[in-house]
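Hello,

Here is the structure I promised to pass on to you. Have a look at it first, and then read my notes below.

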Amino acid sequence: TPALQHRSALAPQNVLHMNVTANNYRDPNDLAFQEVRILGLAQEPLSVAVLQDGAVQNSSHNITYSPADKVAIIRGLRLRLGAAYALRWTPGTRVTERFDCHPGANASREGCEQLGCAWREDVTAAGVPYCYYPSPDNGYSAADIRYTPTGVTANLTFHGRTLGAHAKSTAPIGTLRLAVTYHRDHTLQFKIYDHANERYEVPVPLSLPAAPESSAGTRLYDVTVQSKPFGIQVRRRSTGTVIWDSQLPTFTFSDMFIQISTRLPSPFLFGLGEHEHAAFRRDVGWHTWGMFTRDQPPGYKQNSYGFQPFYMGLEEDGSAHGVLLLNSNAMDVTFQPTPALTYRTVGGILDFYMVLGPTPELVVQEYTALVGRPVMPPYWALGFQLCRYGYANDSEIAALVEDMKEAQIPYDVQYSDIDYMERQLDFTLSPRFAGLPALIDKIRAEGMRFILILDPAISGNETDYPAFTRGLEKDVFIKWPNSDDIIYGKVWPDLPNVEVNDSLDWDTQVKLYRAHAAFPDFFRNSTVDWWSREIAEVYSNPHNASRSLKFDGLWIDMNEPSSFVNGAVGGCRNQELNFPPYLGWRSEGLSFKTLCMEGQQLLPDGSPVRHYDVHNLYGWAQTKPTLQALRNITKERGIVVTRSTFPGSGRWSGHWLGDNTAAWNQLDKSIIGMMDFSLFGVSYTGADICGFFGDSNYELCARWMALGAFYPYARNHNGKGAKVGWFITPILPRSGFFSLFSPLPTDAGSRRTRRLHRHEVALLLPGRFVEDRTTWEIYRQFLWGPALLISPVLDQGAVAVTAYLPDARWYDYYTDEYVGARGQFRNLSSPLGHISLHLRGGHVLAQQSPANTTFYRSAAP
């Protein structure tokens, strides 16, 4: 039998010597080997030469390489019987395989080579690193690897050299521990930590079984720990697809810099936030995104209000998986077209959770089972809501409510922004809004609801301010470490007895007029009690019942937390914490427009933690006690809407997408944001309809109102000083607008419409049609549940929309006619006042008769 005999493999020279023997057999058909597989190659062979008797043979062949399996396949060879050959290959790093070795600012050849990395300025594509790891070795190896029925454990040892460029805080930790736990058949955890020294870990509880519930026969995954260089590989058992592969050169674990990369099974990755980005699918073409909660209005590549380190990946066959990194320190993520993803964080540990789906819908269900199911909003909170920053007084709100009723516009919730407070002080009522308690009582009696805003920062410059005085007594405020001194920033509250000159620039106003503000530490049990009491006294004023504000929901803002000065009045004290050694995406420092990172907080058990570690949890920690206080006070379900979020925030609150702008490019961005937060388990989400900053116009606002009717959280909200621009259409508009730019509709028939129950979470098309790869790229349409397809107009001047109708039977919502298109794009007429809606055959959608509010009195028999 002909055979290819391997004589010697000289790995350092990358040469494979072969004798092709025939065992005295002569084949009349000139038998030859055409394919060679080389196993265990740590680097890809970029080129291969075939030599016979030392001379290079002319041959055409192709090379494929699997980095997950470390296998190269060389095809198109012709290795004849009876001859000796040598295969010589050149290993290297393709541009797409370059992992950035100098991700901070101001990378240089000198700094790169000091790190022991390679420097090549041979590409012009934006984002490609000049400085990259020259070999696959990450310096760590795994030993004592033990596989058990419930997981894997191993000890990790650093065997590389400690480079001169490493400061103490970024020098690799010598010994680490790996623990992999098979929690459920579809859920696993892999945790890397310093077992010799206690480090901060995220104090957010997850819903995990007391003991692993998976079994070897039914698990959806297999896990392999690779020893040298260290890496973890997770493979989907049903297909063999590797969905996590971290045997890459980037892995490092130090006190203030932790880095790990993984290869992705495809470039189809969704999630990670909170950012404004151009499409729902993340662009894997060399992009780095910062993750750190910040008072930053939506803007491309700007880390914004929330911190959501969770993504969903689609595999080439349509299977889906999700990955959560439970780490709350400042972080960034880099996508590259390998495809691969790199995490970098400045503290904590690496604590990953993976859910295996395998459908996108199951990924979301499994993830929310882990971090908490989304809060169920009350029915009234699904109706249309109206707000603005800048109401002059309660009379203005009262007139607005009457105009809306007269026009018979569906309208469930009215808000007041910080205008209702005296000098923007929480828990107070401005004299200009003295009639607000009676107004709230009146509109609630008529079937509507009212929501108030609260900010976390509390003024410390008052002589008679119970919220601050009781806060001092309860010891609720964040302090300097090892001190009783409160860290003071500045936020909204004005100083007493000053007259604000709005014509001055912002920084001057902050300096002259803003009070010193203390920040409650919502981890403390005492703070929860204090916060609940202050909210209760707004609802039922114990000193003057006529000043009681009978709100139905609460809107918590500025809770990143935001400050109008950097760190503290007078600055911060710990340079290293506020400007960590690695901060490639945040040159202003971590304390920019927030607290000093050395601020000390206390967990419920009394353990001290640095604000450096828990900054991204501030909004999360405020949300649960706010909902608990609301429910205890009102004895109803209520709703809380928060600006800053973390995994698990959706258990207690909804979220609006922040201070957006009245611009056409914000329409599709709002759909993307809504889809992101559906993935994150915060399903009660929407954008400020018609835009917060800037002046809207008739066409933009009309299109936005039609789209916004299908946000789970449908609120029109704009900013102080902006031209009042809002349009009210029925929840499912047919014709007629009500606006301050056009006459009120007089034809009652123009407002007659059907109204859907809004209990379904908004979904992107891949959520229900993942087998159709066309849907993987669509983000300008979305679904309510499985059966209502919304295709809005998102472009100025457009009177039609190109919509994709997946492979199902679709019926026009308005006419009930069968469309006849399956798996096709269609150009649909969508004049102003119309939004294209389609119903999916084989499904039932509950509907009800129209009304101005969701409150119904039972009819007489």
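**The disulfides and what surrounds them**

The link of Cys101 and Cys117 is right-handed, with 45° about the S-S bond. A disulfide here is a pair of cysteine sulfur atoms within 2.5 Å, and in this pair the S to S distance is 1.9 Å. Cys101 sits in the loop between strand E8 (83–92) and helix H1 (109–114), and Cys117 in the loop between H1 and strand E9 (118–119), so the bond ties together parts that are 16 residues apart in sequence. The helices (H or I, at least four residues) and strands (E, at least two) are DSSP runs, numbered from the N terminus. Both Cys101 and Cys117 are buried, where buried means under 20% relative accessible area, exposed over 50%, and partly exposed in between (1.4 Å probe, protein chains only).

Before going on, please keep in mind that this is a predicted model, in which local features need pLDDT of at least 70, side-chain atom pairs count only at pLDDT 80 or more, and totals for chains, interfaces and linings use all residues. Residues are numbered from 1 along each chain as its sequence is written, and side-chain values use heavy atoms, with hydrogens and water left out.

How many disulfides does the structure hold? There are 4. Another one joins Cys112 and Cys131, with the sulfur atoms 2.2 Å apart. That link is right-handed too, with 90° about the S-S bond. Cys112 belongs to helix H1 and Cys131 to strand E10 (residues 131–132), so to speak of the pair is to speak of distant parts of the chain, 19 residues apart. Cys112 and Cys131 are buried.

Further along the chain, Cys690 and Cys701 form a disulfide with their sulfur atoms 1.9 Å apart. The torsion about its S-S bond is about 100°, so this disulfide is right-handed. Cys690 lies in the loop between E39 and helix H12 (698–708), while Cys701 is in helix H12, so the bond ties together parts that are 11 residues apart in sequence. Cys690 counts as buried because its relative accessibility is 1%, and Cys701 because its value is 0%. If you number the bonded cysteines of the protein in sequence order, the pairing reads 1-3, 2-4, 5-6, 7-8.

Why does Cys387 have no bond to Cys690? The sulfur of Cys690 is the closest cysteine sulfur to that of Cys387, but it is 13 Å away, too far for a bond. Cys387 counts as buried, at 2% relative accessibility.

**An annotated stretch**

The UniProt record, an unreviewed entry, carries the annotation "domain: P-type" for residues 83–135. Its positions are given in the numbering used here, feature names are shortened, and annotations may be inferred rather than shown by experiment. Over residues 83–135 the chain is 11% helix and 26% strand, and the end C-alpha atoms are 34 Å apart.

**Sheets and a hairpin**

Two strands count as paired if DSSP finds at least two bridges between them. One open sheet has 9 strands with parallel pairing, in the order E38-E37-E36-E33-E29-E28-E27-E40-E39. Its edge strands, each pairing on one side only, are E38 (685–686) and E39 (688–689). Strand E37 (residues 654–656) runs parallel to E38 and is joined to it by 2 bridges; His655 has Thr685 as its bridge partner in E38. Helix H3 (residues 394–406) lies across strand E27 (385–388) and strand E28 (413–416), at about 165° to E28. Such angles run from 0 to 180 degrees between N-to-C directions, with axes as lines fitted to C-alpha atoms, for helices over the stretch in contact.

Another open sheet has 8 strands in the order E11-E12-E13-E14-E26-E23-E22-E20, with antiparallel pairing. At its edges are E11 (140–148) and E20 (269–273), each pairing on one side only, and the twist averages 15° from one strand to the next. Strands E23 (residues 320–325) and E26 (residues 350–355) run antiparallel and are joined by 4 bridges, with Leu325 opposite Phe352 in E26. Helix H2 (residues 360–371) lies across strand E22 (308–314), E23 and E26, at about 30° to E23.

There is also a hairpin to look at. Strand E6 (residues 62–66) and strand E7 (residues 71–80) run antiparallel, joined by 5 bridges, and Ser66 stands opposite Val71 in E7. The hairpin has 4 residues between the strands, and Lys70 takes a positive phi near 60°.

**The nonpolar cores**

A nonpolar core is a set of buried Ala, Val, Leu, Ile, Met, Phe, Trp, Tyr and Cys residues joined through side-chain atoms within 4.5 Å. The largest one has 192 residues, and Ile192, Trp244 and Tyr343 have the most contacts inside it. Apart from it lies another core, of 19 residues, including Tyr65 and Ala83. Leaving aside neighbours within four places in sequence, Tyr343 is in contact (heavy atoms within 4.5 Å) with residues including Trp244, Leu325 and Phe352.

Enjoy exploring!
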